[in-house]
Amino acid sequence: QCISELLPPGYDFKHVPRLAGRGGGVGLAYKEPFDVKLMTSTADKTYSHFEHIDCKVSRNNNQPVRLVVVYRPPPSSDNGFKNAVFFEEWRPFLENYVILQEDLCIVGDLNFHLNAEEDRDSKIFSSILDGFGLVQHVHEPTHHLGNTLDVVITRADSELVSDVSVKDPMLSD
């Protein structure tokens, strides 16, 4: 309720709260002409190394888009998160979405240095996307320290996203 009071007029909000720990979960603020429905699916389970919200977005009589917002906290000694476990969960998560007929867009903060092309984990992440026929469209810094942590992912043959530009990486983290 509190979040929706902070939104500009004409916007609404969908939210999946975090069940344990600190923070508020994953949410999506959107302009009201869009119809956004929270979806439940086989991918709608709880993962240990990331959280997500699964939505079907449509406007007027246009084809719906499956929009998935993902947040992966950065691994640390405090949370014990490991990239290897994330990848074990990420593959079956993606399997549930690539089989859907709707146009697909996965967005979020995955806290990988995706700009570090020689980084082992960045290579694994890119390889997984390639294996599912997916493309990551963000190719410039999204973090104030100059790294690309945020993603916009679609099917390789999708025309849903044509150009992604980051206006102010100082807004992130």
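**Figure 1. The largest nonpolar core of this predicted model**. This core brings together 21 residues, and Trp 90, Phe 93 and Phe 125 have the most contacts inside it. Strand S5 (65-71), helix H2 (83-98), strand S6 (103-109), helix H3 and strand S8 (150-155) each give it two or more residues. The largest share, 6 residues, comes from H2. Another core of 15 residues lies apart from it, with Leu 28, Val 36, Ile 53 and Val 152 among its members.

**Figure 2. Helix H2 and its packing partners**. Let us stay with the helix that supplies the largest share of the core. The buried residues of H2 are Asn 83, Phe 86, Phe 87, Glu 89, Trp 90, Phe 93, Leu 94 and Tyr 97. These buried residues pack against S4, S5, S6, H3, strand S7 (134-136) and S8. How does the span of the helix compare with what 1.5 Å a residue predicts? The 16 residues of H2 should cover 22 Å, and the end C-alpha atoms are 22 Å apart, so the two values agree.

**Figure 3. Ile 128 on helix H3**. Ile 128 belongs to H3, which covers residues 120-131. Is this residue buried or exposed? Its relative accessibility is 5%, and because buried means under 20%, Ile 128 counts as buried. Leaving aside neighbours within four places in sequence, Ile 128 is in contact with Phe 87, Trp 90, Arg 91 and Leu 94. Of these partners, Phe 87, Trp 90 and Leu 94 are also listed among the buried residues of H2. Take a look at Arg 91 as well: Arg 91 and Ile 128 are 37 residues apart in sequence, while their C-alpha atoms are 7.1 Å apart in space.

**Figure 4. Strand S4 between its partners S3 and S5**. Strand S4 spans residues 51-58, and 7 of its 8 residues are buried, so the strand is largely enclosed by the rest of the structure. To strand S3 (residues 35-38), S4 is joined by 4 bridges, and the two run antiparallel. Asp 35 stands opposite Ser 58 of S4 in this pairing. S4 and S5 also run antiparallel, with 7 bridges joining them. Here Glu 51 has Tyr 71 in S5 as its bridge partner. A general point helps when viewing these strands: in a regular strand, side chains alternate between the two faces of the sheet.

**Figure 5. The S4–S5 hairpin turn**. S4 and S5 form a hairpin, with 6 residues between the two strands. One residue to pick out in the turn is Asn 60, which has a positive phi of about 55°.

**Figure 6. Gly 24 in the loop between S1 and S2**. Gly 24 is found between strand S1 (11-16) and strand S2 (26-31). With a relative accessibility of 43%, Gly 24 counts as partly exposed. Which residues does Gly 24 touch, not counting those up to four places away in sequence? They are His 15, Val 16, Pro 17 and Arg 18.

**Figure 7. The whole protein, for orientation**. The close-ups fit into a fold with 3 helices and 8 strands. From the N terminus on, the elements run α-β-β-β-β-β-α-β-α-β-β. Of the 173 residues, 39% count as buried. Among contacts between residues at least 6 apart in sequence, 55% join residues at least 24 apart. The protein exposes about 10300 Å², and carbon and sulfur atoms supply 51% of that area.

Notes:
Residues are numbered from 1 along each chain as its sequence is written. This is a predicted model: local features need pLDDT of at least 70, side-chain atom pairs count only at pLDDT 80 or more; totals for chains, interfaces and linings use all residues. Side-chain values use heavy atoms; hydrogens and water are left out. Buried means under 20% relative accessible area, exposed over 50%, partly exposed in between (1.4 Å probe, protein chains only). Contact means heavy atoms within 4.5 Å. A nonpolar core is a set of buried Ala, Val, Leu, Ile, Met, Phe, Trp, Tyr and Cys residues joined through side-chain atoms within 4.5 Å. Accessible areas come from the Shrake-Rupley method with a 1.4 Å probe; for residues, only the protein chains shown count as cover. Two strands pair if DSSP finds at least two bridges between them. The expected span of a helix is 1.5 Å times one less than its number of residues.
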